[in-house]
Amino acid sequence: MKAAVVHEFTSPLRIEEVAKPEPGLGEIVVKIEASGLCHTDIHAAHGDWPVKPKLPLIPGHEGVGIVEMVGPEVTEVKEGDRVAIPWLGYACGACKYCVSGEETLCEQQLNTGYFLDGGYAQYAKAFAKYVGKVPAQVDPFEAAPLTCAGVTTYKAVKMSGARPSDLVAIFGIGGLGHMALQYAKIAGATVVAVDLVDEKLDLAKQLGADYTINGKAEDPVEAIKKLGGADAAISLAVSPRAFEQAFRALRRGGTLVFVALPADNYMQLPIFETVLNGIKIVGSIVGTRLDLAEVFDLHAAGKTHVLYEKRHLEDVNQAFEEVEQARVPARLVFDMT
Ligand SMILES: [Zn+2]
Ligand SMILES: [Zn+2]
């Protein structure tokens, strides 16, 4: 089968023929139709983070397709089902995190497109217990971005505690941000979208943002303070400076949710203001299987819009460049059909 493979962190991905996977115990093989490009895939391919992925690696944790083969003891899905293969590719199912609805914190977890081969291929293997079932009404090309960008921001909005009377600031409008603002609107909040690119802010407006701020044209902290300060801010931009702005834009008692993972790992966090203003800081990593099911249900009910552009897997390196240079409005999805 054809796949995009990382051999070294310093070289481009190579499109090559590799062996089609065979399902083992509890595993399935999925014929991929659509495979989203998440910024994490670029960090994985570059080995940007403290914990390095396996090599060689087939990236991708937004793979959606049809179950073609099921291994022994698979009861969750059957051949012909459409499924999504998310970042949480495997968890132990027995530790205190797994049994308390915090499976994304499981210490035994294996991540798709990082420690397990992912969706940048014609076929991908997955653990049946950890795939999401895609409802019939959901298009596979829309399901792909929901599998990481959707579930990650849905969870982040949950973690922010956003309520109908709240002002929620979304820092970074792109693959994640365009979904985050919709979930904050569904929660009933008033939403401020912050970005550096006008086209992305126009998009935010179309998707329901109440206010937009271009961080190049005005100081987002001042602009949000004028609105009374944010009850919650969600950091989706891969820049520590944007995290610092999000912190300073909070009102007293506000919550800052960390989601993006900048290659530059540190930010300045003032202790005095955090304590005196009663600020809560929360890290939020992807979402559980339940969160993903809720994300698909909301989309099937017509409550969210997914913006994406198709690309061919052969153009994976150019697609990475487009995302790194912020030249795409929302998500890129590889068409594997
Ligand atoms: Zn992702
Ligand atoms: Zn566990």
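The paragraphs below lead through a predicted model, beginning at its metal site and moving on to a central strand, a surface patch and the salt bridges.

The zinc ion (ligand 1) has three protein donors, namely the SG atom of Cys 38, the NE2 atom of His 61 and the SG atom of Cys 148, which lie 2.0 to 2.2 Å from the metal. Read along the chain, these donors follow the spacing C-x22-H-x86-C. The pair formed by Cys 38 and His 61 links distant parts of the chain, for Cys 38 sits in the loop between strand 3 (27-37) and helix 1 (39-46), whereas His 61, 23 residues apart from it, sits in the loop between helix 1 and strand 4 (63-70). Both of these residues fall under the 20% limit for a buried residue, since Cys 38 has a relative accessible area of 3% and His 61 has a relative accessibility of 1%.

A second place to look is strand 10, which covers residues 167-171. Five of its five residues are buried, so this strand is largely enclosed by the rest of the structure. The side chains are divided between two directions, with Leu 167, Ala 169 and Phe 171 pointing one way and Val 168 and Ile 170 the other way, and all of them are buried.

Strand 10 also has two parallel partners to trace. With strand 11 (residues 190-195) strand 10 pairs in the parallel sense over five bridges, and in this pairing Ala 169 stands opposite Val 192. The chain passes between these two strands by way of helix 3 (residues 177-186), and strand 10, helix 3 and strand 11 together make a right-handed β-α-β unit. The other partner is strand 13 (residues 230-235), which runs parallel to strand 10 and is joined to it by four bridges; here Ala 169 stands opposite Ala 233. Ala 169 can therefore serve the reader as a landmark, being a buried residue of strand 10 that faces Val 192 in strand 11 and Ala 233 in strand 13.

On the surface, Ile 271, Phe 272, Val 275 and Leu 276 make a nonpolar patch of about 470 Å². One of these residues, Leu 276, is found in helix 7, which comprises residues 271-276.

The last topic is charge pairing, for which a search of the whole structure finds 17 salt bridges. Among them is the contact between the side chains of Glu 16 and Arg 14, with an N to O distance of 3.3 Å, in which Arg 14 is partly exposed, having a relative accessible area of 46%. Another joins Glu 27 to Lys 125, the closest N and O atoms being 3.5 Å apart. Because Glu 27 lies in strand 3 and Lys 125 in strand 8 (residues 123-127), this pair ties together parts that are 98 residues apart in sequence. The two partners differ in their setting, as Glu 27 counts as buried at 11% relative accessibility, while Lys 125 counts as partly exposed at 36%.

A further salt bridge links Lys 78 and Asp 81, whose closest N and O atoms are 3.0 Å apart. In this pair Lys 78 counts as exposed, with 54% relative accessibility, whereas Asp 81 counts as buried, with 14%. Salt bridges can also share partners, and in this way Lys 155, Lys 158, Asp 291 and Glu 294 are joined into one network.

Notes
Residues numbered from 1 in each chain as written. Chains lettered and ligands numbered in written order. Predicted model: local features only at pLDDT ≥ 70, side-chain atom pairs only at ≥ 80, totals over all residues. Heavy atoms only, no water. Donors = N, O, S within 2.8 Å, 3.2 Å for Na, K, Ca; no water. Buried < 20%, exposed > 50% of the residue type's maximum accessible area, 1.4 Å probe, protein only. Pairing = 2+ DSSP bridges. Right-handed = clockwise from strand over helix to strand, strands pointing away. Patch = residues over 30% accessible without salt bridge, like charges linked within 9 Å, V, L, I, M, F, W, Y side chains within 5 Å. Areas by Shrake-Rupley, 256 points an atom, 1.4 Å probe, with all protein chains shown as cover. Salt bridge = Lys/Arg side-chain N within 4 Å of Asp/Glu carboxyl O.
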